Amino acid sequence: MRGRLVIPVFAICHYLLPSPLQWIMLSGMYAFVALLTPPYANLTYQLPTAFPAEFWRPGLRVAVPLGKNVNGALRAAVLLHTNPTAQLPQGVVCKPLTWPLERVPLITDDLLELTKELARRQGCTPGHILGHILPQGLRQARVRLHYIEDGKVHILSLAHIAKASPDECTHLAQALCEGTGQLLPISTDAAEQEFCILRVNPPWPVRPAAKRQIAVLDYLFQHGSVSRRHLLHAVDQAAPALRALLATGQVALTRESDTSPQRMAAEGVDATDIQLLPPPPLSFALNDDQASALVELRAALQADKAAARLLFGVTGSGKTAVYLELAKSCLSLGKSILLLAPEVALAHKLRRDASCALPGASLFFHHGYQSANRREATFRALAERHEPCIIVGTRSALFLPVPHLGSIVLDEEHDSSFKQDESFAYQAKEVAWFRTARTKGLLVLGSATPDLKTFYAAKCGHLPLLHLPHRIKGRGLPPVELVDISTLPPGGSSTAGLLAKQSEDALRQTLARGEQAVVLLNRRGYAPLIYCLDCNHTLHCPQCEIGLTYHKGMEHLICHYCGYSRPFPSPCPKCGGTNFLPLGEGTERLAERLSVLAGSPVLRLDRDSTRRPGQMEEILASFARQEAPILVGTQMLSKGHHFPQVTLALVVDGDLGLNLPDYRAAERTFQLLVQSAGRAGRGDKPGHVLIQTRDVHHYCWQYVCKADYEGFYQVEMERRRLRRYPPFVRLALIRISYAMEEKNGVTALGELASALRKRAQELDVQLLGPAPAPLALLRGRKRFSCMMKGQDWQALRSLYFFAQSHKSSRVLRLFLDLDPVNML
């Protein structure tokens, strides 16, 4: 299976006897399961007769043998359904399913239906979906049967059960069904339960010759907290280096196994202290606009049908307060609510706000950066729960088994982080609608700058609109001013190369008044390019052919796409010289320059400065306490954060992203800058916004300066109508790639392109490509894109399925992205 996923209608684990292949119907009780690990196939097994038929419920995790032998390796699978008959080739005998992995299904009916729907949309198996959304521990067949008999405790492994006699299996099954037996996870060794946490920031305070220690620190910096076992496996000869780092306090160990799953899930602390977060805003009564919106939301929540609403409110209008009042209503009706944010930083803030507003409520916190143990604990706790609760998290929380789901809120619904475009593609808004539709719940989409397709649906009457047109307490939106930097040299080495004099003066005046400023530059690192002055060569990633970014604190050059890194300085790979010039600027370099301007250290908020657990909260709390006058950051600080003392928001390079090969480039720029402008003037003092640009005449700016969302919407919709882009057409990408060393890649791509063009005409689909992707080489694979435009999703999916079945796809990797948000 090279380059594609084989999707059988069903696969059969069997013994094959020599006979002609003829389809017959066999009687008995059969289980149709989905493997949770590659190849993620749908398989058919015979159910063991030791259990009653009603025990086998869809969603139950089971252990199944895989391989030619009867006692093959055991793998975890999910039971899709059972049937007294199965369609099998003549001479084939099904293997028996080995044993259940739980007594009551952890995968609820609605999650199972969601899985099947996503599998149909993406043209893959349910196992492929479940294998990517379930916590790691739930994808493994690792349990033991504990039961008490005659006053003695017996512990049996799955391997022992697989070899047990029919009578013994019946006896064990009876113990499990009656509750005298329990299925418990296998105890892991200490190294799997101890998590390594980084306690220092780069540059690392170790000797340059301590290469193993540096490797351990680099790994933790890139991957976050990991188990000690995982670290020892990932980094060669890491044990002595880890011991030394533990002794000096640069790395710490934390153990999670001594905490109950319910407590772990409910606390969700993740080695951070909620007290580190900035203090919540003071409570206040809802204004008329908020109260009116809440009345509408409550009415929709209490109606016995699925509903969706768009909460369109300017920055600082108090959308979060409406969400929290809606959460109170949900709990009072005996229903749970999901509050989702696009980023972990905003999720932490939302969780803090919910904890303060509803101090007695059961609250669960979930996001993808938590440890595997904690994510599994949250999943199990919610699967066993029957009382309503609040769940706060990022998009992955959509796949939790929420009891009595009443409402889902997507804050900052326009954010591209709500779209998953790797492993398997899904749009969080669609998943949220599917879940609320099944429970007759309420979906709330909130934003100051909604996705244009969402706002189009509202304008067409498909999505009722609730408007919050004013900031709370009657505060006005800050004035926005453009600063022309077309005459400044790009990427200069002096402060003048980063900021115009007008911007510097505004910063100095703000600091002189004792106020604070936020400065946005949506590019991390110290310099995005390193230029060799000896051979006029720009250093590139060998796997991606993308310029390496210089990170001064880490003293490394890093590829932001595949993670490749090399020490800096080190000889140029082309000429061996060591004479380099950093080009351009990132947040690290900007923070360094601004600390000189401010005369004191400034804070930086980006992915690099927040890798250490708890560091993001420390930065936000420090800035809220006014311990630093300036906060520099990427788009992480552009939305959601509330700092009353911030009176100046400065966007250093407003043109970043404006001219990308993406039909949403102008929309994303408008959203980012309007959201960034909203950070200023949120307290009692008026705010001011400066946006530096080299193209002051771009049509986008007049709408950004006025925060005129509807004006921008009208212009952008007309452009998309003329060019046939969403929402006026269905859009999808077939992403195609092959390894650099694949000799037949070009030929296979040409054959597939010819076949696709012919089939596209038959399906009335406009096909553009295959053409080299904007990032043409990534992680050692050459990449191409096929853009498909059509009037219905089924035609686009049919063209993808055709491509997948074509013979040339054996040397190609294909991936379907419906309604893409990332065109690179």
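Which residues line the largest cavity? In this predicted model, the lining is made up of E413, H414, D415, S416, F418, K419, Q427, K429, D451, R664 and V821. Sorted by class, that lining has six charged, three polar and two nonpolar residues. The space inside comes to about 50 Å³, and the count of cavities of 30 Å³ or more stands at one. Rolling a probe the size of a water molecule over the atoms is what shows where empty space is left.

**Two pairs of helices**

Now for some helix packing. Two packed helices are described by the angle between their axes and the distance between the axes. Start with helix α1, which covers residues 109–122, and helix α2, which covers residues 126–133. Their axes sit 8 Å apart, and the helices pack at an angle of about 115°. The crossing of α1 and α2 is right-handed. On the α1 side, T115, L118 and A119 make the contact, and on the α2 side P126, I129, L130 and I133 do. By class, the contact of α1 with α2 has six nonpolar residues, one polar residue and no charged ones.

Further along the chain come helix α10 (residues 288–302) and helix α11 (residues 319–332), whose axes come within 10 Å and cross at roughly 35°. The crossing of α10 and α11 is right-handed. Here Q290, L294, L297, R298 and L301 in α10 meet A321, V322, E325, L326, S329 and C330 in α11. That contact of α10 with α11 has seven nonpolar, two polar and two charged residues.

**A buried tryptophan and an exposed aspartate**

Is W99 buried or exposed? W99 has a relative accessible area of 1%, and because buried means under 20%, W99 counts as buried. This residue lies in strand β8, which spans residues 99–100. Setting aside neighbours within four places in sequence, W99 is in contact with F51, V62, A63, L145, L158, I161, C169, L172, A173, L176 and L183. A437 is another story: W99 and A437 are 338 residues apart along the chain, and their C-alpha atoms are separated by 34 Å.

D109 belongs to helix α1. Its relative accessible area is 53%, and since exposed means over 50%, D109 counts as exposed. Leaving out residues up to four places away in sequence, D109 touches P58 and R438. The C-alpha atoms of D109 and I558 are separated by 44 Å, with the two positions 449 residues apart along the chain count.

**A glycine in a strand**

What does G769 touch, not counting residues up to four places away in sequence? The partners are R757, S785 and C786. G769 is found in strand β37, residues 766–778. With a relative accessibility of 23%, G769 is partly exposed, because that label covers values between 20% and 50%. M787 lies 18 residues from G769 along the chain, and the C-alpha atoms of the two are separated by 6.5 Å.

**Backbone oddities**

Most residues other than glycine have a negative phi, and most peptide bonds are trans. This model has some exceptions worth a look, beginning with two peptide bonds.

| Cis peptide bond | Omega | Where the second proline lies |
|---|---|---|
| F568 to P569 | near 5° | P569: loop between β30 (565–567) and β31 (580–583) |
| P726 to P727 | near 10° | P727: loop between α21 (709–723) and β36 (730–739) |

Then there are two glutamines with a positive phi. Q237 has a phi near 55°, a positive value in a residue other than glycine. Q237 is placed in the loop between α7 (228–234) and α8 (239–248). At 53% relative accessibility, Q237 counts as exposed. Q626 has a positive phi too, at about 60°, although it is not a glycine. The loop that holds Q626 runs between α18 (615–624) and β33 (630–633). Is Q626 exposed or only partly exposed? Its relative accessibility is 43%, so Q626 counts as partly exposed.

Notes:
Residues numbered from 1 in each chain as written. Predicted model: local features only at pLDDT ≥ 70, side-chain atom pairs only at ≥ 80, totals over all residues. Heavy atoms only, no water. Axes fitted to C-alpha atoms, helices over the stretch in contact; angles between N-to-C directions. Helix = DSSP H or I, 4+ residues; strand = E, 2+ residues; numbered from the N terminus. Left-handed = near helix turned anticlockwise from the far one by under 90°. Contact = heavy atoms within 4.5 Å. Nonpolar A, V, L, I, M, F, W, Y, C, P; charged D, E, K, R; others polar. 1 Å grid on protein atoms, 1.4 Å probe; cavity = no way out; pocket = protein on both sides within 12 Å on 5 of 7 lines; lining within 4 Å. Points joined across faces, edges and corners; volume = space filled by probe spheres on them. Buried < 20%, exposed > 50% of the residue type's maximum accessible area, 1.4 Å probe, protein only.
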